[in-house]
There are 2 protein chains.
Amino acid sequence: MRIAVDALGGDNAPGEIVAGTLSAARRLPQDEFVLVGERGRIEAAAGAEVPDNVSFRDSGGAVGMEEEPAAALRARPDSSVAVAARMVRAGETEALFSAGNTGATVAAALLSVGRLKSCRRPAIATVLPFPSPVLLLDAGATISCRAQDLVNFAILGSVFSKSYFRLDGPARVGLINVGEEPSKGTDLTKEAYKLMQETGAIRFVGNVEGRDVGSGIADVLVTDGFTGNVVLKTAEGVAKAILQMVRSAMTGNVMSKAAAAVLRPRLVGVRDQVDPENYGGSFLLGVRGSVVIGHGNSEARGVENALLDISRTGAGLSDALEDALASSQADPQAAQAGAP
Amino acid sequence: MRIAVDALGGDNAPGEIVAGTLSAARRLPQDEFVLVGERGRIEAAAGAEVPDNVSFRDSGGAVGMEEEPAAALRARPDSSVAVAARMVRAGETEALFSAGNTGATVAAALLSVGRLKSCRRPAIATVLPFPSPVLLLDAGATISCRAQDLVNFAILGSVFSKSYFRLDGPARVGLINVGEEPSKGTDLTKEAYKLMQETGAIRFVGNVEGRDVGSGIADVLVTDGFTGNVVLKTAEGVAKAILQMVRSAMTGNVMSKAAAAVLRPRLVGVRDQVDPENYGGSFLLGVRGSVVIGHGNSEARGVENALLDISRTGAGLSDALEDALASSQADPQAAQAGAP
């Protein structure tokens, strides 16, 4: 697989982005990686020991984390993320990774890479890892959705999670809502509930409340980009805060410090399970190719994990997603997405 | 203060509700408590030792946790929550507490107790206790909001939190959103941002992302009832899950068990800070009187804490809220809510 990496995107670019890419390239000798960015800077960051399957592509600067995405892309069509997106469109690579401005990556993908047929809007699919991993979408690509968008997200999430989580059967899809009954929620959730129950394209398990996010009740949780973004960030923020509280509780007198030392290795496991860096990036589903968004504060390990995920998911991803969307529209009672 | 308690509402009614009320009555001899419910059952639950400031009021059965609120209230106007709400309307009590069906409590309050002037819709205000306590509203009373509703919630939350958290200055109010910039979010959040920035009635600190829920960046977080409910339940669910993961990590071999025993008393503090039972109920703001909603699974301690909160907040709450709403409308540049 050939992957374009926006080497200038993210808080720790280009150093950590380049380092993570070199690590991934060493572990994946069959894949090819193109680092996109101001050539002098990214070659300097890469140093002398560059694996054969890594190349460089010159571009302008990055879109800043705080810039308004559409305006920035219009003003600077040679920005690193725009150049990387055009490589996917031109068929030079099958995938694009950026840890930069999320809105800019989404906009560049829509502009240059293009949407799948019959997918009006894309969704950011993110793994919420604790306690039981679940794929949440949309985590923020489409802030205001129609009910049919949510159904499309459900189909995209089903196909993706079946492969990503290596599920035996069809993915269980839940709709995030304020109660379990079909009558609960907004006009949007009520209509989406009805459509999801009617389509044969997903295995719909009904409404899922906030308290069951990550309880293992579903493999995929669908919601609009506003709610999904708030849920994801709340969950990450609370998890971090609770671990911080646990850590503080463990310091104190000599006895508790000694006890904490015994337990530390075990608690590291919990911290790792909660740490977003251990999960690759978020896949932008609904566009052609594999477009993956890293955390803005990604370090080399996070970049490497995201690139491993892209390689593992493979170049056939967007074709599989397009087929599932097409067959769900051709026959609403079609076999469940991703079913054999 | 006189408080009507729906003795039949909640998973552990009437036993835990009655027990919590008796405890609160002993600690608050100057207040009066009326237990509302099927007389035989609630008198039996109270036993022989009933403080002088506790009385009983006969009613029909409870509205079940799974019943459709409006239909249930229409069908059974003598249900315990309906009778308790009518006591507030009649001026027999200044407050109502119920740990029963939340929708039924909201509906009974709107139907019998009535709304404050110039408050189209009410909001459930809940303290999200970790790591830094913040008042979140709406947690689920008004699922679909207009921008002006959110501004009203901001004013209600400002006045309430200034008293509840004993703040020195005006409460800092944040709007839950997917980014900090005013241009972020849905049409609703964009319009609400503008209105909140224009009104002189609150101290608006801008948009707050999910990751900053509970970071101490604001005293009050405002959002629609759909988002608020999902955020609250997600935060509670994740906090519980992370503590469960920490607990599991601590069992294992003899060494880690011994170390865990040393640390347990310290971790109990973290658990208590996260436990919703340690925080009273949620105040339904925007209606007359004090209407407070307990967790469905409230035990005696949670009921007692809620009743202590009601007493501490006092009978003047809804007048103070009404005044703040009125002055914000009379003069949009009015002094900040709750400012001296």
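**Domains and chain contact in the predicted model**

In this predicted model, chain A comprises two domains: domain 1 spans residues 1-114, and domain 2 is assembled from residues 121-276 and 316-340. Taken over C-alpha atoms, the centres of domain 1 of chain A and domain 2 of chain A are separated by 27 Å.

The relation between the two chains was examined by superposition. Chain B is superposed on chain A, with an RMSD of 0.1 Å, by a rotation of 180° with 0.0 Å of shift along the rotation axis. This is therefore the relation of a two-fold axis. Among the residues of chain B, the closest approach to the rotation axis is made by B:Ala259, whose C-alpha atom is at 2.3 Å.

The contact between the chains was then considered by residue. Chain A and chain B contribute 50 residues each. On the side of chain B that touches chain A, helix H8 (225-250) and helix H9 (254-274) of chain B each supply at least two residues. The most is given by H8(B), which provides 21 residues to this side of chain B. By residue class, the side of chain B that touches chain A consists of 28 nonpolar, 16 polar and six charged residues.

The two sides of the contact were also compared. Of the interface residues of chain B, 100% are interface residues in chain A as well, so the copies meet through the same surface.

Note on methods: Residues are numbered from 1 along each chain as its sequence is written. Chains are lettered from A and ligands numbered from 1 in the order in which they are written. This is a predicted model: local features need pLDDT of at least 70, side-chain atom pairs count only at pLDDT 80 or more; totals for chains, interfaces and linings use all residues. Two residues are in contact if their C-beta atoms, placed from the backbone, lie within 7 Å. Helices (H or I, at least four residues) and strands (E, at least two) are DSSP runs, numbered from the N terminus. Ala, Val, Leu, Ile, Met, Phe, Trp, Tyr, Cys and Pro count as nonpolar, Asp, Glu, Lys and Arg as charged, and the others, Gly among them, as polar. Copies are superposed by least squares on the C-alpha atoms of residues with pLDDT of at least 70 in both. Domain bounds come from an automatic or database domain assignment.
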